[in-house]
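Here are my notes on the model you sent over. I've kept them as numbered points so you can follow along with the viewer open.

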Amino acid sequence: MRLGNRLAIGLSTAALAVTGLVAPAGATTEAEPTVRQLLEQCENGNTDLCEFHPSGPPEDYRGSYDLVGGATNCSGGTSTRIIRWESTRSTSTNVSVTISANATLGEVFEVGFETSYERQWSWSTTKSDEIRHELGPNQAVNIYAAPMRQKVTGTYELHFGDPYYGHYYWYVNDVTVDGPSDNPAWETRVESKPANC
């Protein structure tokens, strides 16, 4: 049984035997909780167990190029400018609940990540730098920067002392956490644009 390709009831025959949960033949099941409802149960401390299990190694990739600065030369001559820029990138997810440092879901994620890969997760990164660029008469440029990022996909496993929506065990599958990579390399590019002089 699946919900939104991310949510599955993880109730095995062994789990049924341990919990004593037996569904009568032909019984209708309760409505299923949403991903948000399940993860909020973990966040609010309403579970007996809440763990994150990565399903594969982190995937490193080049993040998006975002506008971080620019300069304009409205004079009739060439001008060399030192363009300073700064950018901060943080962690995001593909689920409707925020997973961040110093919150239960974030701490649970960190434990699963560190146990699996023997290194710490970086929740955010900030880069400051400068570019020396020569601008022609009535010329403008924008500066774009992109960091290296990493993403990890896995499952939140939740156990309840009392049945939650009819089950003691729930699994929130295919949760992807996306954040800064251990590789600190950023790339920048300079693009010309019409000068608004």
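1. Let's start with a pair of cysteines. Cys42 and Cys50 are both buried. They form a disulfide, with their sulfur atoms 2.0 Å apart. The link is left-handed, at -100° about the S-S bond. Bear in mind throughout that this is a predicted model.

2. There is another disulfide to look at, between Cys74 and Cys197, where the sulfur atoms sit 2.2 Å apart. This link is left-handed too, with -90° about the S-S bond. The pair ties together distant parts of the chain, 123 residues apart: Cys74 is in the loop between strand S5 (66-73) and strand S6 (79-90), while Cys197 is in the segment after strand S11 (186-194).

3. Are the two ends of that second bridge buried or exposed? Cys74 has a relative accessible area of 43%, so it counts as partly exposed. Cys197 comes in at 57%, which means it is exposed, the cut-off being over 50%. Contrast that with Cys42 and Cys50, both of which are buried.

4. To round off the cysteines, the count comes to 2 disulfides. If you number the bonded cysteines in sequence order, the pairing reads 1-2, 3-4.

5. Now the overall layout. The protein has 3 helices and 11 strands, and from the N terminus the elements run β-β-α-α-β-β-β-β-β-α-β-β-β-β. Of its 197 residues, 39% count as buried. Take the contacts between residues at least 6 apart in sequence: 83% of them join residues at least 24 apart.

6. Next, the helix pair. H2 and H3 pack with their axes 8 Å apart, at an angle of about 85°. That angle falls in the 65 to 115 range, so H2 and H3 are roughly perpendicular to each other. On the H2 side the contact involves Leu39, Cys42 and Glu43, and on the H3 side Thr104, Leu105 and Val108. By class, this contact has 4 nonpolar, 1 polar and 1 charged residues. Cys42, then, takes part here as well as in the disulfide with Cys50.

7. On to the interior. In soluble globular proteins, nonpolar side chains tend to be buried together. The largest nonpolar core here has 24 residues, and those touching the most other members are Leu39, Ile99, Phe109, Tyr156, Leu158, Val172 and Val175. At least two residues each come from helix H2 (35-43), strand S3 (49-54), helix H3 (104-117), strand S9 (139-164) and strand S10 (167-180). The most come from S9, which gives 5. A separate core of 10 residues lies apart from this one, and includes Ala71, Ile83, Trp85 and Ile143.

8. Which residues does Tyr156 touch, beyond its neighbours within four places in sequence? They are Leu39, Cys50, Glu51, Phe52, Ile99, Leu105, Val108, Phe109, Trp170, Tyr171, Val172 and Val175. Tyr156 lies in strand S9 and, because its relative accessibility is 0%, counts as buried. One of its partners, Trp170, is 14 residues away in sequence and 8.3 Å away in space, C-alpha to C-alpha.

9. Finally, Val175. Leaving out residues up to four places away in sequence, Val175 touches Phe52, Asn94, Val95, Ile99, Val152, Thr153, Gly154 and Tyr156. Phe52 and Ile99 also turn up among the contacts of Tyr156, so try displaying these side chains together.

Note on methods: Residues are numbered from 1 along each chain as its sequence is written. This is a predicted model: local features need pLDDT of at least 70, side-chain atom pairs count only at pLDDT 80 or more; totals for chains, interfaces and linings use all residues. Side-chain values use heavy atoms; hydrogens and water are left out. A nonpolar core is a set of buried Ala, Val, Leu, Ile, Met, Phe, Trp, Tyr and Cys residues joined through side-chain atoms within 4.5 Å. Buried means under 20% relative accessible area, exposed over 50%, partly exposed in between (1.4 Å probe, protein chains only). Helices (H or I, at least four residues) and strands (E, at least two) are DSSP runs, numbered from the N terminus. Contact means heavy atoms within 4.5 Å. A disulfide is a pair of cysteine sulfur atoms within 2.5 Å. Axes are lines fitted to C-alpha atoms, for helices over the stretch in contact, and angles run from 0 to 180 degrees between N-to-C directions. Angles under 35 degrees count as roughly parallel, over 145 as roughly antiparallel, 65 to 115 as roughly perpendicular and the rest as oblique. Ala, Val, Leu, Ile, Met, Phe, Trp, Tyr, Cys and Pro count as nonpolar, Asp, Glu, Lys and Arg as charged, and the others, Gly among them, as polar.
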